[in-house]
Each structure stands twice: as C-alpha cells, then as structure tokens.
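Reader: I should like a close look at one helix of this model. Please set it in the context of the chain to which it belongs.

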Amino acid sequence: MSTMVYPREEALERLSQDEIVLNTKAVMQGLETLRGEHAQLLNSLLDCSQPPVAQEKSGLLRKSLEAIELGLGEAQVIIALSSHLSAVESEKQKLRAQVRRLCQENQWLRDELAGTQHKLQRSEQNVAQLEEEKKHLEFMNQIKKFDDDVSPSEDKSQTSGGSGGGGSGGGDTSKDSLDDLFPNDDDQGPAQPSGEVAAQQGGYEIPARLRTLHNLVIQYASQGRYEVAVPLCKQALEDLEKTSGHDHPDVATMLNILALVYRDQNKYKEAAHLLNDALAIREKTLGKDHPAVAATLNNLAVLYGKRGKYKEAEPLCKRALEIREKVLGKYHPDVAKQLNNLALLCQNQGKYDEVEYYYRRALEIYESKLGADDPNVAKTKNNLATCYLKQGKFKDAETLYKEILTRAHEKEFGSVNNDNKPIWMHAEEREESKGKRKDSGPYVEYGSWYKACKVDSPTVNTTLKSLGALYRRQGKLEAAETLEECASKSRKQLKSRISSTDTPAMIYQPINYTKLI
C-alpha cells in the first residue's frame with residue numbers, strides 16, 4: 001500500500017497559488033491510488049471464507065473509501081477555485097490596462113482642449129479689434145454722407161451752432177445692436193473659466209458638476225457645431241430632471257446654457273421659453289433677489305435686444321440693476337456694468353437724458369472703485385461720447401475724446417506740460433501752423449508717441465479715429481490726418497505684435513453685456 005506525504009503547516013502558509021495547485025494534484029493522485037487499493041482489498045475480503053472477520057474489515061474499508069471520495073471532491077473544488085481566481089486576476093489586469101489607456105486618452109483630450117481654447121482666444125481678440133474698426137468705419141461713413149448733403153457754408157454754420165444740424169445726423173443713424181457695443185461673454189471664448197466669470201459678475205458660480213459640461217457646450221457652439229452642443233445639453237437636462245426634479249437650480253442652469261445655444265442659432269422663441277422657465281425656477285428656489293435671478297433677467301434682456309424689442313428689455317435690465325444694487329451695493333463695479341447695459345437699451349430708444357445719467361453713474365463708480373486708469377473708464381467715456389454724437393453735441397464728444405487720449409498719455413509719460421503733450425495737442429498745433437511750414441511728415445514734431453503709447457487698446461485706437469473724424473468735420477484737415485495716420489500705424493503695430501508672439505497681446509474688450517449662467 002502506498003503512503004501519503006503531507007506538507008507541514010508552516011510550509012503551506014508560504015505556498016503560492018501555483019504550488020498549492022501542484023500539491024493538490026499530487027494529493028489527488030495519491031487518493032486515487034488509495035481508492036484503487038481499497039477497492040481491491042474490499043473485493044478480496046468479499047471472496048474470503050471467514051464471513052465475520054471479512055464483514056468487519058469490509059465495513060472499515062467502505063468508511064475509508066468514503067473519506068477518500070470526500071478528499072477527492074475537495075481537491076477538485078480547490079482546483080476549480082484556483083482556475084476561477086486566475087480568470088479574475090486576468091480580467092483585473094485587462095481592466096487596469098484599459099484604465100491606463102483611458103487616462104492617456106483623457107490627458108491627450110485635455111491637451112487638445114487647451115490648445116483649441118488658446119487658438120479660440122486669439123481669434124476672439126482679433127474679432128474684437130475688427131469690430132471696433134467696423135464701428136468706426138460706419139461712423140465715418142455716416143459723417144461723410146452728411147457732409148456730402150450740405151454745402152461748406154452750411155457746414156460751418158451748423159458747426160458754430162453746436163447741435164443744430166448735427167442732431168438730425170445723429171438721429172438718422174440706425175439702431176445700435178447689443179452685439180456691436182456690448183458683446184456677450186460667450187462671444188469672448190473660454191479665456192476664463194465660467195465659474196470665475198460668474199463670481200466676478202454677480203456672486204453666482206456655476207456648480208462644479210456642470211462647469212465642464214458648460215465649457216464643452218460653449219466650445220462646440222463657438223465652432224458652430226450645434227448638432228453636438230444641442231443634444232449634449234438636452235441629454236444633461238433630461239438626466240438632471242430625473243435625478244433632481246424640474247424645480248432645481250441646476251436644472252435652471254442647464255436651461256440657461258441651452259437657451260444661449262438656441263440664441264446663437266437665432267432660435268429666439270425657443271431661447272425665450274427656456275429663459276422664462278429658468279427664471280421661474282430660480283425665483284422659486286433661490287428667491288427673487290438672488291444674483292442668479294439677475295443673471296437670467298440679463299440674459300432675457302440681451303435676447304429681447306437682439307430682436308429689437310428694447311422696450312421689453314428695458315424693465316428686465318432695470319430689475320437686474322435693482323437686484324445687484326441690493327445685493328452688491330450701489331457702488332460695485334458690476335452695478336456699473338449693468339448701468340452701461342441699461343444706457344445702451346435707452347440709447348436705442350432715443351432716451352438720451354437717461355443714457356447720459358446712466359453713463360455718468362457708471363463713470364463715477366468705475367473712477368471711485370477701480371481708478372481713473374481702469375480700461376472701463378475709457379470705454380464708458382467712449383460710449384458716452386457716442387451718445388453725444390447721436391445728439392449732435394460734437395463739442396461735448398470732443399471733450400471726452402481728448403480726456404481719454406490725455407489720460408492714456410499721462411499714464412505712459414507723466415503729467416502734461418509744454419515738453420510733454422498728448423497727441424491731440426500736437427495735432428491742433430500742426431493745424432494752426434500748417435501755413436507756416438513746408439514739411440509734410442506727420443511725426444516730425446511729436447516724435448514717436450504712437451510707438452510707445454498703448455497701441456494694443458482698441459478703445460484708444462477708436463478714440464483717435466473718432467476725434468480725427470470730428471476734426472475733419474470742422475475743416476481741420478491737418479489735425480484729422482495726424483490722428484488718422486497715428487491710428488493707422490497703431491493698428492499695424494498691434495497686428496505685428498499679435499502675430500509675433502505665442503501669447504496674444506491683451507486687448508481691451510468693449511464693455512460686456514454681462515452673461516451669467
């Protein structure tokens with residue numbers, strides 16, 4: 001009879017899975033051998049002629065065979081369990097490999113997204129510059145048409161009379177669109193995380209779980225890929241309503257995002273329906289004086305403004321202003337932004353007294369809270385000057401333009417004196433002395449001011465062109481050519497700087513029509 005050898009317990013604790021399987025198979029072979037030997041013994045006992053002795057021994061052999069069968073069954077279970085564990089470990093390795101691959105793909109997508117956002121930012125900055133130039137060309141075209149319609153003597157009498165004839169010229173201009181003077185934040189590209197924009201513009205931040213989706217939707221929409229952006233929004237909205245219910249702030253946020261996408265597609269009715277739904281949810285869940293409510297009111301005002309419904313947009317904008325004054329205080333910079341928006345809506349309705357009041361309030365806030373050198377000060381003065389032009393108040397507009405240029409000069413070169421004059425003073429001196437000299441070089445007297453000034457500011461550049469147009473209207477051709485040539489060189493230098501660096505130059509954007517999600 002063969003003998004079984006079992007490993008010691010201490011050795012078993014140190015065995016690997018493969019060694020356990022090998023030992024189990026060895027034990028199975030030994031058990032099968034024992035089973036065969038027991039079967040032979042049992043058969044020989046049954047053939048024995050001594051029944052009492054044979055019966056007792058055969059009983060013991062049967063019990064031993066049962067124990068052997070049990071051992072064989074347990075060994076098979078161990079082998080099956082080992083096979084299962086091996087399969088599980090193999091599947092785990094596959095999953096780990098997939099996780100590593102997904103992490104690599106995710107990093108690649110992040111890099112691609114960062115690169116796309118960078119390119120989009122540069123494109124939006126170029127667009128902002130072109131929009132400023134477009135507005136100036138439209139203004140100059142209107143001035144030129146007006147000049148062509150009157151004789152030189154009539155032009156002089158109108159100029160000396162102040163706003164007499166100029167009022168009609170300003171009144172005949174077409175309505176300013178909200179996009180022209182106040183581009184929306186979503187038109188500026190993803191240069192800044194939406195949560196930061198919201199925090200800056202009213203204290204309401206997009207929930208973290210929606211921020212990535214919001215950025216992705218805005219990116220697709222800016223590329224014109226609405227077939228991707230719209231289903232993405234709708235699916236997210238459906239999931240939010242299932243998990244949180246319809247009356248939830250996150251649902252209102254997603255409704256706002258989808259409304260902005262529809263608005264970019266000129267689907268104004270669908271966008272208005274979504275924004276009104278979002279407004280009702282936010283008023284119900286957050287309260288009527290929450291910054292998010294002001295955000296939705298602002299978006300509705302933008303939407304109505306795009307459709308030319310300025311009367312409907314005005315009360316919405318006023319209510320948003322009241323909320324922000326209540327929450328942030330009457331002298332917060334975001335209140336000034338809202339005042340700018342309200343001024344634009346009134347300007348498109350010809351309410352010039354209110355326009356002047358709102359712009360002057362905005363100027364007071366910006367100058368007291370952000371300082372006289374803040375870009376918003378120059379931009380608001382520029383907008384106020386446009387209001388003066390529409391009323392024919394050319395002298396008032398000229399004064400503001402000169403203030404903008406003087407402040408830009410002082411910021412770069414220090415206080416104004418006889419040896420340190422801003423560009424408009426040089427232009428007027430050239431106008432006064434044009435008959436006393438022969439040179440025609442526009443930069444002989446004032447050196448390289450245009451090279452060192454903030455030529456990367458569309459606001460300053462537009463001011464140069466606008467003041468030049470006013471000089472031309474007054475017959476000051478030498479002064480006008482001086483400013484216009486300076487503006488032209490500034491534009492060329494800006495393009496050169498943008499194309500020669502990977503990091504685009506910071507361009508002062510026109511005042512934004514605030515957009516909160």
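Author: The following account takes up helix H20, after a short description of the chain, and then turns to the cysteines. The model is a predicted one. Its chain contains 21 helices and zero strands. Of the 517 residues in the chain, 45% are buried. Among contacts with a separation of 6 or more, 69% join residues that lie 24 or more positions apart in the chain. The accessible surface of the chain is about 26800 Å², and carbon and sulfur atoms contribute 51% of that area.

Helix H20 covers residues 458-473. The length of H20 can be checked against expectation: the expected span is 1.5 Å times one less than the number of residues, so the 16 residues of H20 should extend over 22 Å. The C-alpha atoms at the two ends of H20 are indeed 22 Å apart, in agreement with that value. As for its surroundings, H20 is mostly covered, with 15 of its 16 residues buried. Just after H20 comes Gly475, whose phi is positive, at about 85 degrees.

There remains the matter of the cysteines. The structure has zero disulfides. Cys346, for instance, takes part in no disulfide: the nearest cysteine sulfur belongs to Cys317 and is 8.3 Å away, whereas a disulfide would require the two sulfur atoms to be within 2.5 Å. Cys346 has a relative accessibility of 0% and therefore counts as buried, the cut-off being under 20%.

Technical notes
Residues numbered from 1 in each chain as written. Predicted model: local features only at pLDDT ≥ 70, side-chain atom pairs only at ≥ 80, totals over all residues. Heavy atoms only, no water. Helix = DSSP H or I, 4+ residues; strand = E, 2+ residues; numbered from the N terminus. Buried < 20%, exposed > 50% of the residue type's maximum accessible area, 1.4 Å probe, protein only. Contact = heavy atoms within 4.5 Å. Areas by Shrake-Rupley, 256 points an atom, 1.4 Å probe, with all protein chains shown as cover.
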